[in-house]
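Visitor: Hello! Could you teach me how to read some side-chain features in a protein model?
Guide: Gladly, let's take a look together.

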Amino acid sequence: MSLAKGFVIFSASALVGSSLGTAAIASPITNQDRALGQVNSVFQLRDVAPSDWAFDALRNLVENYNCIVGYPDGTYRGDRPLSRYEFAAGLNACLQQIERMIQGGTSEVTAEDLAALRRLVNEFEAELATLGARVEDLEGRVEFLEDHQFSTTTKLDGEVIFALAGAFGDEKADDSGDRIDDQLTFSNRVNLTLSTSFTGDDNLEINLAAGNIPELAGATGVDTAALGFEEANDNNVVIDTVIYEFPVGSRATAIVGPLGLGIDDALPVFNPYFEGEADGALSGFARLNPATKSGPDGAGIAINYDLSDSFSLGLGYLADDGIASSSTEKEGLFNGNYVAGAQLAFSPSERFDLAFSYTNKYQSSGDADLSGSTGSDWAREPWGNAYAVSSNNFGIEASWMVSEKFNIAGWVGYTDAQIEDPNNEGSAEIWNWAVNAALLDVGGDGNVLGFVFGQPPKLTSADLNGIDECAGSTCDDTTYLAELQYRYNLNDNIMITPGAYVIWNPNQNDANETIVVGAIRTTFTF
C-alpha cells in the first residue's frame with residue numbers, strides 16, 4: 001500500500017469522526033499520552049491484528065515512513081476517537097520524517113504520495129495553523145520533496161550482489177575425466193531498475209544488468225550445479241528487461257514486453273521463500289519448477305485474471321527475444337522458439353496456495369533445453385542437439401503457511417517431448433520434483449532458515465525411430481539435490497545468505513562423484 005492510500009484511510013476517518021485511534025500518527029495531547037514511543041514494526045502493537053481493516057495502512061506508514069507512535073504498554077488503542085487537530089499534528093510529523101528521508105537519500109516517495117500530501121495539507125490548513133505550523137512552510141516542504149525526487153514519474157531501485165562461491169568434488173560429471181574447477185571465486189551482479197507510472201496503476205520497467213558471477217555448470221560438468229543468480233557477462237552493462245504492466249478492467253492485469261518477459265510472469269510461482277534470485281534459493285533448480293516455469297523467455301504477453309477471491313487464471317505467450325526481433329524466415333514472433341502456457345491457481349486463504357500449470361514449447365535444433373538448464377545432459381537434450389523439439393509440460397505446486405513462522409512448499413513437474421523432424425520420430429519423458437521448508441525469524445526478525453530437497457529433471461524414457469535410447473544407459477539412475485541456507489538481515493537494506501547445496505549422482509549417473517557447492521551471497525538493495 002502506498003503512502004497516499006494509507007493517508008486516504010486516515011483522512012477519511014478524521015473527516016467523518018470515526019475511531020482510528022489517536023496513537024496512529026498524532027502527537028500526544030494528554031498527560032497519559034505523553035510517553036508514546038516510536039513504533040518500528042506494526043507487530044509491536046499487540047492490539048492490532050492483520051485482520052483489522054486499517055492494518056495495511058498502519059504497516060505501510062511504520063515500515064516505509066517511521067511516523068507511527070504507540071503507547072508504552074505496547075497498544076495502539078484503535079477505539080479512541082481521532083480529532084482533526086490530532087490528525088493534523090500527525091500529518092506534520094510525517095512530513096518532517098519524509099523530508100529527513102529525502103535528505104538522507106532513503107526516500108521512495110512517489111508522485112502519487114506527493115499529490116496526496118498536497119491534498120491533505122490543503123484540507124487541514126486551519127488545524128495546522130492553529131497548531132502553529134505554517135502552511136506555506138509545509139507547501140515548501142512538499143515542493144522540496146518534489147524537487148529532490150529522481151523523477152516525478154520514475155523510481156530508481158538498485159540491487160547489488162556480492163558472491164563468494166565455489167564448487168568442490170573430484171571429477172567433473174561429464175565423462176571427461178577432468179578435475180572439478182574448485183577455485184573459490186568472488187564476484188558480483190548489479191541490477192538497476194527504472195519503474196515509471198503514467199496513470200498511477202501501470203508500470204513501465206526497464207532493467208539494466210551487469211555481472212561476472214561464474215557459470216558453475218562448466219566448472220562441474222553438470223547444469224544442476226548452477227547458481228540461481230548467475231550473471232556472466234564480464235560486467236558489461238546490458239538492458240535485460242523492458243516490460244509494461246497495466247490493468248485491464250477491475251480483475252485483470254496484462255504485461256507486455258519485447259525483452260526479458262518470463263513465463264513465470266504469466267504463471268506466478270508459489271514458492272515464496274526460495275523463488276527470488278537475490279533473496280531466494282542459492283541453487284538454480286530450487287527456485288521454481290523447470291518444467292513449466294522456464295523459457296524460452298523474451299518477448300510476448302502475459303495476462304493474470306482474478307476469476308474470484310479464491311481462483312485466478314494466468315495466460316501467456318512468449319518468444320525468444322533474439323528470434324522475436326528477427327525478420328529471417330522461420331523466425332519472428334510466431335515462427336520460432338516459443339512457450340505458451342496457462343495456470344489455474346486456488347488460494348482459499350492467505351496461508352495456502354495451489355496451482356496447476358501447463359506449457360507448450362517449441363525449440364529449434366541447437367536450442368533444445370527441456371530441463372531449464374537445471375538437470376542432467378540427458379534431460380536437457382535427450383537426442384543431442386540435432387533435432388527441433390516440442391514439448392507438453394505439466395506442473396503442480398503448492399505453498400502452505402503452517403504457522404506464523406513455518407512455511408512448506410513444493411512442486412512436481414512432468415515433460416512429454418517429441419522430435420519435430422519429418423524424417424525421424426522420437427519421444428521422451430522427464431520428471432522433476434522438490435519440497436522445501438522455511439523457518440522464519442530464526443535469530444532475529446526477518447531472518448530465514450531454509451532447507452530444500454528434490455530431484456532435478458530426470459530423463460525416464462526416450463526413443464528414436466523405435467530404438468530405446470535408455471537401453472544400456474543411466475536412465476535408471478537418479479540425481480538428488482539438498483540445499484541448506486540461512487538468510488540474515490543485517491538491516492533493511494543488507495542481507496547475508498551463507499549456505500551450501502549437495503548434488504548426489506550428478507548428471508543422472510551414480511558412478512559420478514558427489515558435488516558440493518558453497519556460497520555466501522550478500523545482497524544490497526536501495
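**Rings and a sulfur bridge**

Guide: This is a predicted model. Let's start with Tyr414, whose relative accessible area is 18%. Buried means under 20%, so Tyr414 is buried.

Visitor: Is Trp431 buried or partly exposed?

Guide: Trp431 has 38% relative accessibility, so it counts as partly exposed.

Visitor: How many aromatic pairs does a search of the whole structure find?

Guide: The search gives 15 aromatic pairs. In one of them, Tyr414 and Trp431 sit 4.6 Å apart, centre to centre, with 45 degrees between their planes, and the pair is tilted. Tyr414 belongs to strand S15 and Trp431 to strand S16, 17 residues apart, and the pair links distant parts of the chain.

Visitor: Which kind of pair do Phe453 and Tyr480 form?

Guide: Theirs is stacked: planes under 30 degrees apart count as stacked, and here the angle is 10 degrees, at 5.8 Å centre to centre. Phe453 lies in strand S17 and Tyr480 in strand S19, 27 residues apart. Phe453 is partly exposed at 27%, and Tyr480 is partly exposed at 29%.

Visitor: Which residues form one aromatic cluster?

Guide: Look for Tyr317, Phe334, Tyr338 and Tyr362. You can also find Arg487 over the face of Phe274, 5.4 Å from the ring centre.

Visitor: And which cysteines does a disulfide join?

Guide: Cys470 and Cys475, with 2.0 Å from S to S. Both of these cysteines are buried. The torsion about their S-S bond is about -65 degrees, so the disulfide is left-handed. The count for the structure is 1 disulfide.

Terms used
Residues are numbered from 1 along each chain as its sequence is written. This is a predicted model: local features need pLDDT of at least 70, side-chain atom pairs count only at pLDDT 80 or more; totals for chains, interfaces and linings use all residues. Side-chain values use heavy atoms; hydrogens and water are left out. A disulfide is a pair of cysteine sulfur atoms within 2.5 Å. Buried means under 20% relative accessible area, exposed over 50%, partly exposed in between (1.4 Å probe, protein chains only). Rings of Phe, Tyr and Trp (its six-membered ring) pair if their centres lie within 6.5 Å; planes under 30 degrees apart count as stacked, over 60 as edge-to-face and the rest as tilted. Helices (H or I, at least four residues) and strands (E, at least two) are DSSP runs, numbered from the N terminus. A charge sits over a ring if NZ of Lys or CZ of Arg is within 6 Å of the ring centre and within 35 degrees of the ring normal.
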